[in-house]
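Here are some notes for a colleague who is opening this structure for the first time. Please read them with the model on screen.

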Amino acid sequence: MGDIQEFTAATELADWGWPETRALGGGSDDPFEAASLAVTWRPKDRHFGVWHEGRVVAHAGSAVAPVEVGGQRFDVVGIGGVIVDPALRGRGLARLAVAGALDAARADGLDRALLFCLPDRAPLYTRLGWFPLPDPVTADQPDGPTPVPLGAMWKPLAPGAGWPDGPVRLHSLPM
C-alpha cells in the first residue's frame, strides 16, 4: 500500500464525531495535540473522508464563519479536524481530505478558506497553497474575543480572491 490511487477522493460523511476522530487518531485523547492551548473550538458543520478498504483513513471538517479584516467583512470556510490514520501518514491523504472540503466550499460560492495549525504543520499547508497570516487572529471564546495561540493560514478558492491587510477578527469560535 503506497500509491495514492488506492484511496478514494474525499466524500462528504453523513455521520462523524469524537469517537470516530479519536479512533482515527490511534485512540489518543488529544489527536490534534492542541489540548494544552486551552482553546474552545467550534464543531465542524461538514465532514469529508478519504476511504480505503471500507473505512475512513483521513478526515477534514469545515464550517462557514464571518471574518472582519481591515474594515471588510466576509465569510470564509474554516478548515479543521484534519487527521490521517497514523499508519498511513505521508501519502497525501490530508491533501485529499482538505481538497474535498475546499471543493464543497467553492461549490457553495465561498472564495477564501482559513485554518489554524501548529507550527510543524505549516510547511504542509504552504505546499498545498496556503499563505500564513502575519498576526494572530482574534476569535470568539467563552470569555470574549481572544487571540488564537496558533498560526493562521488562508487560501484563495476563486480566481482573484485576495486577503485584505489588517488585523483579523473571526466572529466565531475557531475551527
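The numbered points below go through the pocket, a helix, a strand residue, some loop residues and the salt bridges.

1. Status of the model. This is a predicted model. Every value in the points that follow should be read with that in mind.

2. The largest pocket. Its volume is about 1,200 Å³. The lining of this pocket is made up of 45 residues. Those nearest the pocket centre are Phe 32, Gly 80, Gly 81, Val 82 and Ile 83. These five are a good place to centre the view.

3. What lines the pocket. Which element gives the most to the lining of the largest pocket? That is S4, with six residues. Five elements each supply at least two residues of the lining: helix H1 (18-24), strand S4 (72-84), helix H2 (93-107), strand S5 (112-117) and helix H3 (122-127). Sorted by class, the lining has 24 nonpolar residues, eleven charged ones and ten polar ones.

4. Length of helix H2. H2 has 15 residues, and at 1.5 Å a residue it should span 21 Å. The C-alpha atoms at its two ends are 21 Å apart, so the model agrees with the expected span. Just after H2 comes Gly 109, with a positive phi of about 90 degrees.

5. The buried side of H2. The buried residues of this helix are Leu 93, Ala 94, Leu 96, Ala 97, Val 98, Gly 100, Ala 101, Leu 102, Ala 104 and Ala 105. What do the buried residues of H2 pack against? The partners are S2, strand S3 (55-69), S4, S5, H3 and strand S9 (151-156). H2 also supplies at least two residues of the pocket lining.

6. Ser 62. This residue sits in strand S3. Is Ser 62 buried or exposed? Its relative accessible area is 5%, under the 20% limit, so Ser 62 counts as buried. Leaving out residues up to four places away in sequence, Ser 62 touches Lys 44, Asp 45, Arg 46, Phe 48, Val 77, Gly 78, Ile 79 and Ala 101. One of these, Ala 101, is among the buried residues of H2.

7. Two positive phi values in one loop. Most residues other than glycine have a negative phi. Glu 33 has a positive phi, near 55 degrees, and is not a glycine. Ala 38 is likewise not a glycine, and its phi is positive at about 55 degrees. Glu 33 lies in the loop between H1 and strand S2 (46-52), and Ala 38 is also found in the loop between H1 and S2. Glu 33 has a relative accessibility of 48% and therefore counts as partly exposed. Ala 38 is exposed, with a relative accessible area of 67%. A reader checking the backbone may want to look at both residues.

8. Pro 145. This proline is in the loop between strand S7 (138-139) and strand S8 (146-147). Its relative accessible area is 51%, and exposed means over 50%, so Pro 145 counts as exposed. Pro 145 is nevertheless in contact with Thr 138, Ala 139, Asp 140 and Arg 169, leaving aside neighbours within four places in sequence. Arg 169 is 24 residues from Pro 145 along the chain, and their C-alpha atoms are separated by 8.4 Å.

9. Salt bridges. How many salt bridges does a search of the whole structure find? The search finds eleven. Among them is the pair Arg 121 and Asp 120, whose side chains meet at 3.1 Å, N to O. Arg 121 is partly exposed, with a relative accessible area of 27%, whereas Asp 120 is exposed at 55%. Elsewhere, Glu 12, Arg 46 and Asp 108 are joined into one network by salt bridges that share partners.

10. Two further pairs. Arg 42 and Asp 45 form a salt bridge with an N to O distance of 3.0 Å. Arg 42 counts as buried, at 17% relative accessibility. In the bridge between Glu 68 and Arg 73, the closest N and O atoms are 4.0 Å apart. Glu 68 is partly exposed, at 31% relative accessibility, and Arg 73 is exposed, with a relative accessible area of 55%.

Note on methods: Residues are numbered from 1 along each chain as its sequence is written. This is a predicted model: local features need pLDDT of at least 70, side-chain atom pairs count only at pLDDT 80 or more; totals for chains, interfaces and linings use all residues. Side-chain values use heavy atoms; hydrogens and water are left out. On a 1 Å grid over the protein atoms alone, a cavity is a set of points where a 1.4 Å probe fits but cannot get out, and a pocket is an open set with protein on both sides within 12 Å along at least five of seven lines; lining residues have an atom within 4 Å of a point. Grid points are joined across faces, edges and corners, and a volume is the space filled by probe spheres set on the points. Helices (H or I, at least four residues) and strands (E, at least two) are DSSP runs, numbered from the N terminus. Ala, Val, Leu, Ile, Met, Phe, Trp, Tyr, Cys and Pro count as nonpolar, Asp, Glu, Lys and Arg as charged, and the others, Gly among them, as polar. Buried means under 20% relative accessible area, exposed over 50%, partly exposed in between (1.4 Å probe, protein chains only). Contact means heavy atoms within 4.5 Å. The expected span of a helix is 1.5 Å times one less than its number of residues.
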